[in-house]
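Trainee: May we go through this structure together, one question at a time?

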Amino acid sequence: HGVDLAFCVPGESYLGLTDALIDFPNIRLVVCRQEGGAGFMAFSDGRMRGKAGVAIVSRGPGATNASIAVHCAYHDATPLVIFVGQAERKDLGRLALQEQNWSKTFSDMTKMVIEVNDGAMISEAAARAFHVAESGTPGPVAVVLPEDMLADEIDAPVTGPAKPVRPGPAADDLERAVDMLRKAEKPLVLVGGTLWGEQALADLTKLSETWNIPVCPTHRRPHLFDSGHANYGGYVGNRVPGPQIDIMRETDLLIALGERLGDSVSQSYTFPNAPVPQFPLVHVWPDAAEIGRVWQPTVGIASDPHEFIKALLKLDAGKAPSGRKDWIGRLNAKHRELTDWKDAESNDGVPFGNVCAAIGRHMADDAVVTTDAGNFSTWIHRCMWFKQSNMFAGASVGAMGPAVPAAIAAGLRWPGRQAIAVVGDGGFQMTGNEFSTARQYGVPLKVFVSNNGSYGTIRMHQEGRYPGRTYATELFNPDFARLAEAYGAKGLKVENNGDVETVVKEALEHDGPVIVDCRTSLSYLSAWRRLEDFPAYKGKN
């Protein structure tokens, strides 16, 4: 099935599998520090490649620790296969040590749970798991392996991988979508989710240029379209800045291309309105069951997004309506205006936008950038421009903790490419211990920690909903630079604006792993909000 990397924490319940993998040196088994980190690495590997990442975890605590990655893969439509150890078959139902009914536990966060109670079925089960994980709406599949089953002696044929099914657009649906696109004066393409691969992205650019349409990458997928392209229409993530979304709402045709849509991308189900959009909507997604589940599209097309792009490229775009050029120009001009960051000053630390802008200036054209959830990450999308040669990985569902594991997965998957984790102080302390995994396997990742001593996103919501009653959001942090040194890596600090350029450059040019402790401003709470914007905060200061 093409598996060459698998991520685990060793467990007694699957020792038979661990032992067998000794004889398969083409599969690299990466030993992590906690199953949540192993799951995030597998999830991120799947996100970056469009093929199922693989995690192997033990029963009970192992699988429940990894469940955060399973949840992310389900919501983010990311292919993942997780192999879970289980108690011995003769003891099932007795509440044996760490026994859990995984069909129940994982029923609402996987596409399928396969319990293999007969060793003769393992090969077929594995083949089904990879096929289901990568087909239709991609997602996670759990394969449950009773400990004693792994010792079964069997004489069964090996089931090879199933041929991938790539749905394409029906002729009449394509015709309707093409007619709408040719007539639209203000079309807008939201691209994300299930569009993978170098050729697919190149074809997307060609489509934008030949059909003269603006393209907007969606939440946590900024690398899908070049930020510097004249047809870039703005980043559609969580809470798009008002001036940008106000223009976008003028669209007379929205094409969701390989984008599931959800509350983050749709700006809380208002762009488009759910369930009935306020403008024509063409929804292209590889699974018919998803189309129409929330929104009623004008045209729903169950198609691999690349197949839809290729079908359009075979057709004549015709002459674009007269207002199309002005429409693209307005979108692009507003994008450039809003992302034109000038370094700021603050008396409570360095605005993190200054750091992100410097990373953007110095990172390689093929750098892989990973991130966590949190307000700090809004600075990435305001201050860093991405090329299609870059890769960006983060959990669209908003989980904290994936940044460091994702960067490790990137470094293992693509040795020689910069692996840059941009993470908050809270997120780092959830999975930063995986830095030890990076050291063990020689991954020279670069970690930039936004250290403002706060769960900043929750602080922002508290200021808005419960003015003057902030509570339970302060963080005690270690010295992250010294922590790096304890791991045998390079530790650097950004303590004022004068440090930013030199420290970022030094970190990215260093040939080994680095943690940069960025003492950042809490006042500059996000790329678009400051604490001073909240009335209660103004009153205290």
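**A buried serine, a helix and a sheet**

Mentor: Leaving aside neighbours within four places in sequence, Ser-227 is in contact (heavy atoms within 4.5 Å) with Tyr-232, His-335, Trp-385 and Phe-386. This is a predicted model, in which local features need pLDDT of at least 70, side-chain atom pairs count only at pLDDT 80 or more, and totals for chains, interfaces and linings use all residues. Residues are numbered from 1 along each chain as its sequence is written, and side-chain values use heavy atoms, with hydrogens and water left out.

Trainee: Is Ser-227 buried or exposed?

Mentor: Buried means under 20% relative accessible area and exposed over 50%, with partly exposed in between (1.4 Å probe, protein chains only). The relative accessible area of Ser-227 is 3%, so Ser-227 is buried.

Trainee: Which residues of H10 are exposed on the face turned away from its buried side?

Mentor: Helices (H or I, at least four residues) and strands (E, at least two) are DSSP runs, numbered from the N terminus. The buried residues of H10 include Trp-327, Leu-331 and His-335. The buried residues cover an arc of only 155 degrees around the axis (taken from the directions from the helix axis to the C-beta atoms), which puts them on the same side of H10. The face turned away from that side carries Lys-325 and Asp-326.

Trainee: Which strands stand at the edges of the sheet?

Mentor: The open sheet of five strands has the order E8-E7-E9-E10-E11, with parallel pairing (two strands pair if DSSP finds at least two bridges between them). Each edge strand has a single partner strand, so one side of each is left without a neighbour in the sheet; these strands are E8 and E11.
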